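Morning, everyone. I have one structure to walk through today. Please have a look at it before I start.

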Amino acid sequence: QVQLVESGGGLVQTGGSLRLSCAASGSIFVINDMAWYRQAPGKQRELVARVDEVGSVDYADSVNGRFSISRGYAENTVYLQMNSLIPEDTAVYYCYAEMAPYSDYRVHDYWGQGTQVTVSS
């Protein structure tokens, strides 16, 4: 069974840093894009950062210059380094990946379970 497992959320003060990790596991044929999304209470889920299979990245304007996404291709992992955190960054953060499992070789969307990030003022 292919799945994504996240770790690294928590409570931090304004100006602090956190690093989120996400690992894909299972019988994976290929991984295309990997990304981080977030959802704050009462708001829609939004893209935070994305990295494709060749390393091209893009960021939401609200986090550009503060967050950095990176990927461990051999380990099937993706990371989100979050610096200069502000209360507006408080949300549940979800790992996302486009993956094709060996079971059908078709690309599907996969989501992690979510990890809470809370930034106190």
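Let's begin inside. This is a predicted model. Its largest nonpolar core has 31 residues. Six residues have the most contacts inside that core: Leu-4, Trp-36, Leu-80, Met-82, Tyr-93 and Met-99. Try finding them on the screen.

Which elements give two or more residues to this core? They are S3, S4 (28–39), S5 (46–51), S7 (67–72), S8, S9 and S11 (115–120), and each of them is a strand. S9 gives the most, with five residues.

Now take Met-99 from that list. What does Met-99 touch, once we leave aside its neighbours within four places in sequence? On the low-numbered side, its contacts include Val-2, Leu-4, Ala-24, Ile-28, Val-30 and Ile-31. It is also in contact with Arg-106, Val-107, His-108 and Tyr-110. Notice Leu-4 there: Met-99 is in contact with Leu-4, and both are among the residues with the most contacts inside the core.

Next, the disulfide. A quick reminder: a disulfide is a covalent bond between the sulfur atoms of two cysteines. How many does a search of the whole structure find? One. Cys-22 and Cys-95 form it, with their sulfur atoms 2.1 Å apart. Where do the two partners sit? Cys-22 is in strand S3, residues 18–25, and Cys-95 is in strand S9, residues 91–101. They are 73 residues apart, so the pair links distant parts of the chain. The torsion about the S-S bond is about -85°, so the disulfide is left-handed.

Are these cysteines buried or exposed? The cut-off for buried is under 20% relative accessible area. Cys-22 has 2%, so it is buried. Cys-95 has 0%, so it is buried too.

Stay with S3 and look at its strand partners. Strand S1, residues 3–7, runs antiparallel to S3, and five bridges join them. Glu-6 stands opposite Cys-22 there. S3 also pairs with S8 in the antiparallel sense, over six bridges. In that pairing, Ala-23 has Thr-77 as its bridge partner in S8. One general point for anyone new to sheets: in a regular strand the side chains alternate between the two faces of the sheet.

Let's zoom out. The chain has zero helices and 11 strands. From the N terminus on, every element in the run is β. What about long-range contacts? Take the contacts with a separation of 6 or more: residues 24 or more positions apart account for 56% of them.

Now overall size. With 121 residues, a compact globule would have a radius of gyration near 14 Å. The chain has 14 Å, so the two agree. Along its principal axes, the C-alpha trace spans about 45 × 25 × 25 Å. Of the 121 residues, 44% count as buried. The chain exposes about 6,300 Å², and carbon and sulfur atoms supply 46% of that.

Last stop: two backbone details in loops. Ser-84 is in the loop between strand S8 (77–82) and S9. Its phi is near 50°, a positive value in a residue other than glycine. Ser-84 is partly exposed, with a relative accessible area of 41%. Then there is Tyr-105, in the loop between S9 and strand S10 (108–111). Phi of Tyr-105 is near 60°, again positive and again in a residue other than glycine.

To recap: a core of 31 residues, one disulfide, and 11 strands. Thanks for listening.

Notes:
Residues are numbered from 1 along each chain as its sequence is written. This is a predicted model: local features need pLDDT of at least 70, side-chain atom pairs count only at pLDDT 80 or more; totals for chains, interfaces and linings use all residues. Side-chain values use heavy atoms; hydrogens and water are left out. A disulfide is a pair of cysteine sulfur atoms within 2.5 Å. Helices (H or I, at least four residues) and strands (E, at least two) are DSSP runs, numbered from the N terminus. Buried means under 20% relative accessible area, exposed over 50%, partly exposed in between (1.4 Å probe, protein chains only). A nonpolar core is a set of buried Ala, Val, Leu, Ile, Met, Phe, Trp, Tyr and Cys residues joined through side-chain atoms within 4.5 Å. Contact means heavy atoms within 4.5 Å. The radius of gyration is taken over C-alpha atoms; the globule rule is 2.2 Å times the number of residues to the power 0.38. Accessible areas come from the Shrake-Rupley method with a 1.4 Å probe; for residues, only the protein chains shown count as cover. Two strands pair if DSSP finds at least two bridges between them.
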